[in-house]
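Hello,

Here is the structure I promised to pass on to you. Have a look at it first, and then read on for what turned up in it.

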Amino acid sequence: MNRNIKELVQQMTLEEKAGMCSGLDFWHLKGVERLGIPSVMVSDGPHGLRKQDDQADHLGINDSIKAVCFPPAVLSACSFDRELLTEMGTAIGKEAQATDLSVVLGPAVNIKRSPLCGRNFEYYSEDPYLAGEIAAAFINGVQSQHVGTSIKHFAANNQEYNRMSASSEVDERTLREIYLPAFETAVKKAQPYTVMCSYNRLNGTYASENPWLLTDVLRGEWGFEGYVMSDWGAVNDRVAGLKAGLDLEMPSSGGVNDLEIINAVKDGSLDEAVLDQAVERILAIVYRYLDNRQEESLNLESDHELACHIAEESIVLLKNEDQILPLSGQESIAFIGGFAKTPRFQGGGSSHINCFRTDSALDMASAAGYTVTYAQGFPTDRDVYEEAAAAEALQIAASADKVVIFAGLPDSFESEGYDRSHMRLPDCQNRLISEILQVQPNTIVVLHNGSPVEMPWRNGAKGILEAYLGGQAIGGAVINILYGNVNPSGKLAETMPVKLSDNPAHLNFGDGDKVHYNEGIFVGYRYYDAKEMEVAFPFGHGLSYTTFTYSNLRADKNTLTDTDTLTVSVDITNTGDRAGKETVQFYVGDQTGCCRRPEKELKEFEKVSLQPGETKTVSIILDARSFAWYNTALHDWFIGSGTYEILVGASSRDIRESIAVQMNSAQQLPLHVHMNTTFGELLGHPRTREYGLELKKKMNAFFGAPEGEERSESSSEAISDEMNDAMALSMPLRNAVTFGLCTKEELAEMIDSMNQM
């Protein structure tokens, strides 16, 4: 339906317009009855609906309607499967239509800077490319049903401690390369109906009143078309926020902030046109939903099956020594650990879903006809070593052919609202796992956790299955993986460090007023690779019950320019005896030496399904951005000329094939020459290279023997050629006068000539 939104806004009073810019209550937007504008509802969340009836709250104290809990982002990202995330989004969009929800508050794409962040289970990855691609797929699925999404939390919201006031101190390059790209990709590829700004300050300015963030970057550079809403209670100064680009405040302020807007318009400190624009943005999205309302029914059972399928595609087989998995129905199997009976499958806080059904591994094993013995061993809700329960578990473990221990983090260990203080499992679990390994070497550990945990028993366990928080159908998915009904194909969307102190943010995480992101762009695998550090399991890692070989890597050109695209292809063969899926990961490494960059960065991925013996060619396209880094002098992306390596592998540390290409870029870094510019800087820039060579030649002559003469032996020992070269490269231009290479006037003329080139 064609509507004249501007005309509708012109009919509204100042009070009505100000009212449209805040919530009616906790979950509803205001309507204007006299103009026929109805109130619409928004609701969490990113992995299933949390629509609350009657009294509402933000953190889930009051019950919401029965719904399906799909695998949270921590697991679904491990699918590395865009189509699967689109399917998940479509299902959630249909559920939203069935329950009359105009906007689903998700996905959450904040980068996993530290494994301690209490909300990591809602976030996709440590890698911005993966997070952005998965988010865009999910958004496209939800919005295919004419239901909006609200990508969050914009931006640099990477801890829970003091999240409503702490300032994330992040340099521009790090923002552009790590913390903003997931939002940028989602906006450009999926155009979410809304963006939710974060609580925190960014370099001192609240995200809710940051014009650079909400207007210059989001709308001006990326072309965002929807409205910006606040996180619940994230508004600091309502009028400043409106001017910056914050259209909607959530929840209701009880009229307090509406009055501030009204008074600001009346006293002239706020241009009413700014208010009109915000209302137009809100109404455009409201009517996009209302004009496309469709009849949908809740299909909870079929959505439960989809949730199971997503979990199966995402669970990561971390270790499978001696092919201990898959299990056989003829083996004597013992399940140990309370999570086998009562799985932990979602996190606490605003995304907590009231599930209509929950499957446990124990129940699903029985339903499938598998005979297992069970011992609790340890509780799921506290860290207490119970002697009797442990003794029973050890007895059962010793007599079984194989043992599966269901371990994980209690609800109290991680949640929205606070961060973890350590990266350990409960001590009682680590102790019992170690004791079981002493009596039963054929042990598999299944993990239920929202973020990485230290695994002191990692080398002793023959099998490790990372189920993360897998949604309400996780029990059936785990059983199908354990018994080989489904071949695991998940890949880690984050690095699992050996210990907490290995994390690059370890000394700069969790501060209160200002949080300094001193690790810069070296987040996750970018850091561990640069440090050549041992990790428990690398980014992109995940095993299968079959094997894959990579061959015949090639590119459509060996030399390219910064306006070209590069098509890269590789052949993947299933060399095992069962069907399986492999996620082929394409990384780019900058060999130009133009600036300090990570060893390699993920730039594309593709999940491919193969029958035994089958070969498929995977082809991807790398564009200019795939080779670029953000230059703060240019305030733009820059591609240096030189060699780039294309690396293809099964994980960030399992590179199977690589090729090199030559980039001939037309871009040049700016160079303003001054008295303290070094000879080396002149040599490194094509515009000034000849000047640098001439000065270096004069400098070498100054410190060496006159031209045509050899230096004495003692002179050569005192000033080597290497020392001479090094001194010349780091010598500031002012010293050209000091050492008599030129006069002050000649140097000034030279500098002026170089700056005019």
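**Aromatic rings**

Let me begin with a group of rings: F80, Y129, Y525, F539, Y587 and F605 make up one aromatic cluster. Before going further, please keep in mind that this is a predicted model.

Two members of that cluster are worth a closer look. The ring centres of Y525 and F539 lie 4.7 Å apart and their planes meet at 25°; planes under 30 degrees apart count as stacked, so this pair is stacked. Y525 belongs to helix 17 (residues 525–530), while F539 sits in the loop between strand 17 (535–537) and strand 18 (548–555). The two residues are 14 apart along the chain. Are they buried or exposed? Y525 has a relative accessible area of 1%, so it is buried, and F539 is buried as well, at 0% relative accessibility.

In total, the structure has 16 aromatic pairs. Another of them joins Y370 and Y483: with ring centres 3.7 Å apart and planes at 5°, this pair is stacked too. Y370 is found in the loop between helix 13 (361–367) and strand 11 (372–375), and Y483 in the loop between helix 16 (474–482) and strand 15 (496–497). That pair links parts of the chain 113 residues apart. Both Y370 and Y483 are buried.

**Salt bridges**

Now to the charged side chains. Side chains of opposite charge can pair when their charged atoms come close. How many salt bridges does a search of the whole structure find? The count is 52 salt bridges.

One of them connects E494 and K112, with N and O 3.7 Å apart. E494 is in the loop between helix 16 and strand 15, the loop that also holds Y483. K112 is in the loop between strand 2 (103–104) and helix 5 (128–143), and 382 residues separate the two in sequence. E494 and K112 are both buried.

A second example is the salt bridge between R344 and D411, at 2.8 Å from N to O. R344 lies in the loop between strand 10 (333–336) and helix 13, and D411 in the loop between strand 12 (402–408) and helix 15 (427–439), so this bridge ties together parts that are 67 residues apart in sequence. With a relative accessibility of 5%, R344 counts as buried.

For a contrast in setting, try D654 and R656, whose closest N and O atoms are 2.9 Å apart in a salt bridge. D654 is partly exposed, at 30% relative accessible area, and R656 is partly exposed at 34%.

Salt bridges can also be followed through a group of residues here: R119, E122, E160, R163 and E416 are linked in a network.

**On the surface**

Finally, some charges on the outside. E745, E746, E749 and D752 gather in a surface patch of negative charge. Of these, E749 lies in helix 23 (residues 744–756) and is exposed, with 56% relative accessibility.

E532 is another exposed residue, with a relative accessible area of 71%. You will find E532 in the loop between helix 17 and strand 17. Measuring from C-alpha to C-alpha, E532 is 54 Å from M20 in space, and the two are 512 residues apart in sequence.

Enjoy exploring it!

Best wishes

Methods
Residues numbered from 1 in each chain as written. Predicted model: local features only at pLDDT ≥ 70, side-chain atom pairs only at ≥ 80, totals over all residues. Heavy atoms only, no water. Patch = residues over 30% accessible without salt bridge, like charges linked within 9 Å, V, L, I, M, F, W, Y side chains within 5 Å. Areas by Shrake-Rupley, 256 points an atom, 1.4 Å probe, with all protein chains shown as cover. Salt bridge = Lys/Arg side-chain N within 4 Å of Asp/Glu carboxyl O. Lys, Arg positive; Asp, Glu negative; His and termini not counted. Charge placed at Lys NZ, Arg CZ, Asp CG, Glu CD. Helix = DSSP H or I, 4+ residues; strand = E, 2+ residues; numbered from the N terminus. Buried < 20%, exposed > 50% of the residue type's maximum accessible area, 1.4 Å probe, protein only. Phe/Tyr/Trp six-rings, centres within 6.5 Å; stacked < 30°, edge-to-face > 60°.
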